[in-house]
Amino acid sequence: LFKGLASLMKRSKLAAAVVIVVAVLLVGGLVDLGLNWGRIYPGVKVGTVDLGGKSVEEARRIIYDQYEPLLVGKNINIFSNDAAAASIEPTVRQSMNMSSAEQQQIEDARENKQLWTTDSAMLAASVDVEGMVDEALDYGRDDGGIMNRVNAALNGYEISPRASYNDAAVEALTADIDASIASPRVNYNIEVADGTAHVTAGHDGTMIDRDKFKSELDTAFFTSDEPHAFLVARAEYAALQITEEAAQITCDQVNQAIKYGVQFNYNGTAWPVDSKTFGSWISTKTSKQGDAWVLQPFVDYQKAKGAVFGHLKPVFDGGHVTVSFAVENSAAYVSANAEGTVPLANKAIDDLNQTLFPVDGKGAAPTEQLAVQVDSTPIPEKLSLGDALDYGIVSNFAEYTSEYTESATNRNHNIHLAADKLNNSVIKADGGVWSFNETAGNCNAEAGFLGAGTILDGEYVDDIGGGICQVATTIFNAVYKSGLPVTERHNHTLYIASYPAGRDAAVSWPDLDLKWKNTLA
């Protein structure tokens, strides 16, 4: 090969030049590969952080150390318009030394939907370390090759720092803002009543662009180390995602799917479900497939499981079961203390969705009642509470829901912290007593609680732990609905209209407690 190349180069200057260029590129490529193997190319940055020459592990550590402190502990203040920003922002900037009048101004702005406050905890935000490192490593390799390497070396290449967010949390916040400053889009959809689906009307509107909003959050979090950041909400035209024609296609698909009902076969028995009941289990979700939005129908397990476990019950060998609860590593576990089998109802619903409503839209159109075989599995020795509920080993006895706003940051922090301390607590049967104070402990600053609005001696004041009474009230109402005896409870000194009259619970360490007794066997 070398002799042939030498002969060719002697005969042709052009061939010699080509061989030399190829050799230089080959040697240069090998040198480049050796110098930058597993490392980010020179000139690549994340924000102001130069990652050139860094390994993946080095880059991860540097990005985390630089941007995590900016993400944690910062409040993002979102104004409804420019006028609200101009009038309220100076007060918020002085919030560390606010008078009660200034605090009231901010609370009034929140009440009047001119100001929303959020933080990384409420948005479940975390620095997108992996995504940014992968992007940095790809630049000049899969992304653009040698030309991008040259560009980075000569001009630099900057990746904007970003976070990943919980989509549901972002949606809840932006939907609340939309309700005040915009006219939210409503997609055409379907509704199922008495075994028949029909299309519900929709319209275009104005809304906050969710992707753009996340980018604005990134800028607010990462461009300074100030404790407060500010942005103004901007609503934009929001076209329909699901048209009437698209919704009608989904409607026809659902009507065909539920027309004959369905039959579940389990443990030698058959349970037929008519079209009316089956139809009541149908939900829809809007999702993007490629460049198009689709209205995806599905059998909703949360809607179906009550009826499913009313018919498809666990089979216990000998017919006897004694359920017990235990807490290990702060998680609640359930033991049936029996051998037998449980129906895999969630798998049966998944199978039904795969048959009727696959993601590609090419589901079967039944011409008769569809039969679904429900498999079973031996009862595990120990189950999570969620699995025990799904398998029908235990069931929900009573529940109650209360709501709170997104904007009261400190109060929401206290609510979540108190709920975490109470979560997975287990109360013994035959007279075990549950105490809020004994379970949660002293909800003071040392335990991580913050100052927030609360009722004290008949007045609204700012106090450490404000918000924990909402947790206590929610628990009290669930116990109240269960019929179990409440042995200690205290009303607030002011009437709270958001709860049923007289059904609130004030707690304060160590004097005011909420206690109830488990009298069940």
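How many of the residues of strand E3 (residues 75-79) are buried? The answer is 5 of the 5, so E3 is largely enclosed by the rest of the structure. Before going further, please keep in mind that this is a predicted model.

Let us stay with E3 for a moment. In a regular strand the side chains alternate between the two faces of the sheet. Here Asn75, Asn77 and Phe79 point one way from E3, while Ile76 and Ile78 point the other way. E3 has strand partners too. With strand E11 (residues 228-232), E3 pairs in the parallel sense over 5 bridges, and in that pairing Asn75 stands opposite His228. With strand E4 (residues 115-118), E3 runs antiparallel, joined by 4 bridges; there, Phe79 stands opposite Leu115.

Next, look at a hairpin further along the chain. Strand E18 (residues 324-328) and strand E19 (residues 331-335) run antiparallel and are joined by 5 bridges. One place to spot the pairing is Glu328, whose bridge partner in E19 is Ala331. The hairpin leaves 2 residues between the strands, and Asn329 in the turn has a positive phi of about 50°. E19 also pairs with strand E23 (residues 383-384), in the antiparallel sense and over 2 bridges. In that pairing, Val334 has Leu383 of E23 as its bridge partner. If you look at Tyr333, you will find the charged end of Lys382 sitting over its ring, 4.5 Å from the centre. A second case of this kind involves Lys285, which lies over the face of Phe298 at 5.2 Å from the ring centre.

Now for the aromatic side chains. The structure holds 11 aromatic pairs. One of them, Phe264 with Trp271, is stacked, with 5.4 Å centre to centre and 25° between the planes. Both Phe264 and Trp271 are buried. Another pair, Trp434 with Phe436, is edge-to-face, at 6.4 Å centre to centre and 85° between the planes; Trp434 and Phe436 are buried as well. You can also trace a cluster, in which ring pairs link Phe264, Trp271, Phe278 and Trp281.

Asp274 is worth a look as well. You will find Asp274 in the loop between strand E14 (269-273) and helix H11 (275-279). Asp274 has a relative accessible area of 45%; because exposed means over 50% and buried means under 20%, Asp274 counts as partly exposed. Asp274 and Tyr260 are 14 residues apart in sequence and 7.0 Å apart in space, C-alpha to C-alpha.

Finally, let us turn to the second largest pocket. Its volume is about 2000 Å³. Its lining is made up of 43 residues, and Leu385, Ser395, Asn396, Phe397 and Ala398 lie nearest its centre. Among the elements that give two or more residues to this lining is E18, the strand that is joined to E19 in the hairpin. Helices that do so include H12 (301-311), H14 (385-391) and H15 (409-422). Which element gives the most to the lining of the second largest pocket? That is H17, with 6 residues; this helix spans 468-482. By class, the lining has 25 nonpolar, 15 polar and 3 charged residues.

Terms used. Residues are numbered from 1 along each chain as its sequence is written. This is a predicted model: local features need pLDDT of at least 70, side-chain atom pairs count only at pLDDT 80 or more; totals for chains, interfaces and linings use all residues. Side-chain values use heavy atoms; hydrogens and water are left out. Two strands pair if DSSP finds at least two bridges between them. Rings of Phe, Tyr and Trp (its six-membered ring) pair if their centres lie within 6.5 Å; planes under 30 degrees apart count as stacked, over 60 as edge-to-face and the rest as tilted. Buried means under 20% relative accessible area, exposed over 50%, partly exposed in between (1.4 Å probe, protein chains only). A charge sits over a ring if NZ of Lys or CZ of Arg is within 6 Å of the ring centre and within 35 degrees of the ring normal. On a 1 Å grid over the protein atoms alone, a cavity is a set of points where a 1.4 Å probe fits but cannot get out, and a pocket is an open set with protein on both sides within 12 Å along at least five of seven lines; lining residues have an atom within 4 Å of a point. Grid points are joined across faces, edges and corners, and a volume is the space filled by probe spheres set on the points. Ala, Val, Leu, Ile, Met, Phe, Trp, Tyr, Cys and Pro count as nonpolar, Asp, Glu, Lys and Arg as charged, and the others, Gly among them, as polar.
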